[in-house]
Amino acid sequence: MGQRKYDIAVIAGDGTGPEIIGEGVKAIEAVSRKYDFQISFDRYDLGGAHYQETGETLSDEVFESIKDCHAIYLGAVGHPEVQPGVLEKGILLRLRFELDQYINLRPVKLYPGVEIPLKDKGPEDIDFVVIRENTEGLYAGAGGCLRRGTPHEVAIQESINTRMGVERCIRYAFDLCRRRNRAKKLTLCGKTNVLTFAFDLWERTFHEVATDYPDIETDYAHVDALCMWMIKNPERFDVIVTDNMFGDIITDLGAVLQGGMGMAAGANINPEGVSMFEPISGSAPKYAGKNNVNPIAAILAAQLMLDTLGETDAAQMIERAVMKVLEEDLKGVAAGQMGYSTSDVGDLVVDFIEAS
Ligand code: IPM
Ligand code: MN
């Protein structure tokens, strides 16, 4: 068998993106040496600065070249001087949609040694995964406006839910729940009491697909109640499946259960195509260039990437390194509170990998 080799497109992006992605790249290089695979990084200079210089978010030419890689490793897009939506839609959402990354997988896992605002809840209570539909819903961009800027303005933004899109997402969630092999419980998060068209489709599909998974317990919660349960009884959850908008919202709440935005990673997955891995923190411009934000989310995104590429030993090694650094080295996980700089934290992770 020839040596495994992966071409990774790196879009470090805006704000703190480049700093934290740099630490993830260090960790990937360290495990590639240890587990003997080759990795090459193609860097794409996209984001706010590039847009301001060229007026371009993601050109078709660049898109064509990115789509031939094995995976995409993304820092963050979003720039204080660029109108909200331009970079998000032009880069992040375009990649998610055009590469049909229909699953947004976001682990919510509290590691030992990490402090969170909840008292009485620890790592044994907080370990679940949110499967967010990633190509439809309110994000599909359906709608429009009329008489903009006048007192008679009308704005319509519709949620698109297709049977195909809902079913493939729900099936993925059931499969994952089976693979995880923990509580084997899948919770549908919706709003069937108000969104009676969209979540009727979700609910019917959920119960139909469930008949193929008799070993998985099914559960339902309205999104508002689910937010409450996430705080009161996070141990109730194993896998949660939900639409694009609700998934966006509940995973920021989920990030708090893990120690904050510096700890939360996500995978935009096309199981048959090119997937993209990112810390979910955003570009955090006020911290940019200070070398003091937490790179763990980006390093955990690298773990998700290697796991999805099939480099499971390397992925596990990264997780072990992160756990050691969280438990034994860092004083805190928030920006400026770690007792170490961003690059120090990356070095600690690499040191552990090399010494193992
Ligand atoms: C996320 C982000 C994005 C989203 C933004 C930046 C468009 O909040 O990945 O959760 O809403 O999906
Ligand atoms: Mn979000």
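Is lysine 324 buried, partly exposed or exposed, and what is its relative accessible area? In this predicted model, lysine 324 is partly exposed, with a relative accessible area of 23%. Its side chain meets that of aspartate 329 in a salt bridge, with 2.9 Å from N to O. Aspartate 329, at 16% relative accessibility, counts as buried. This pair therefore joins a partly exposed lysine to a buried aspartate, since a residue counts as buried under 20% relative accessible area.

Salt bridges recur elsewhere in the model, and the structure holds 27 of them. Some share partners, and in this way Arg163, Glu167, Arg171, Glu208 and Asp212 are joined into one network.

Two further pairs show how partners can be placed along the chain. Glutamate 98 forms a salt bridge with arginine 94, and the closest N and O atoms are 2.9 Å apart. Both belong to helix H4 (residues 86–98), and because they are four residues apart there, about one helical turn separates them. Their surroundings can be described as well: glutamate 98 is partly exposed at 46% relative accessibility, whereas arginine 94 is buried, with a relative accessible area of 16%.

The second pair consists of aspartate 215 and arginine 178, whose closest N and O atoms are 2.8 Å apart in a salt bridge. Here aspartate 215 lies in the loop between helix H6 (198–210) and strand S9 (217–222), while arginine 178 lies in helix H5 (residues 163–180), so the salt bridge ties together parts that are 37 residues apart in sequence. Aspartate 215 counts as partly exposed, at 31% relative accessibility, and arginine 178 counts as partly exposed at 34%.

The next step is to look at the protein by domains. The domain assignment gives domain 1 (1–114 + 261–356) and domain 2 (117–122 + 160–257). Taken over C-alpha atoms, the centres of domain 1 and domain 2 are separated by 25 Å. Where the domains meet, twelve residues of domain 1 are in contact with twelve residues of domain 2. About 1100 Å² of area is buried between domain 1 and domain 2, and carbon and sulfur atoms give 68% of this area. On the side of domain 1, Tyr102, Val108 and Leu110 lose the most area to domain 2, and together they make up 37% of what that side buries.

What about polar links between the domains? One salt bridge is counted between domain 1 and domain 2. In the model, arginine 168 forms a salt bridge with aspartate 100, with the closest N and O atoms 2.8 Å apart. The count of residue pairs in polar contact between domain 1 and domain 2 is two, with both residues at pLDDT 80 or more. Strand S4 (residues 103–109) supplies the largest share of the side of domain 1 that touches domain 2, namely four residues. The residues of that side of domain 1 divide into ten nonpolar, no polar and two charged.

A last stop is threonine 251, which is found in helix H8 (residues 244–258). Threonine 251 is buried, with a relative accessible area of 2%. A polar atom of the threonine 251 side chain lies 2.7 Å from the backbone oxygen of glycine 247. Leaving aside residues up to four places away in sequence, threonine 251 touches Arg106, Val130 and Ile280.

Conventions
Residues are numbered from 1 along each chain as its sequence is written. Chains are lettered from A and ligands numbered from 1 in the order in which they are written. This is a predicted model: local features need pLDDT of at least 70, side-chain atom pairs count only at pLDDT 80 or more; totals for chains, interfaces and linings use all residues. Side-chain values use heavy atoms; hydrogens and water are left out. Domain bounds come from an automatic or database domain assignment. Contact means heavy atoms within 4.5 Å. Buried area is the accessible area (1.4 Å probe) that two parts lose on being put together, summed over both. A salt bridge is a side-chain nitrogen of Lys or Arg within 4 Å of a carboxyl oxygen of Asp or Glu. A polar contact is a pair of N or O atoms within 3.5 Å; within protein, one must be able to donate a hydrogen and the other to accept it, and residues adjacent in sequence count only if both atoms are side-chain atoms. Helices (H or I, at least four residues) and strands (E, at least two) are DSSP runs, numbered from the N terminus. Ala, Val, Leu, Ile, Met, Phe, Trp, Tyr, Cys and Pro count as nonpolar, Asp, Glu, Lys and Arg as charged, and the others, Gly among them, as polar. Buried means under 20% relative accessible area, exposed over 50%, partly exposed in between (1.4 Å probe, protein chains only).
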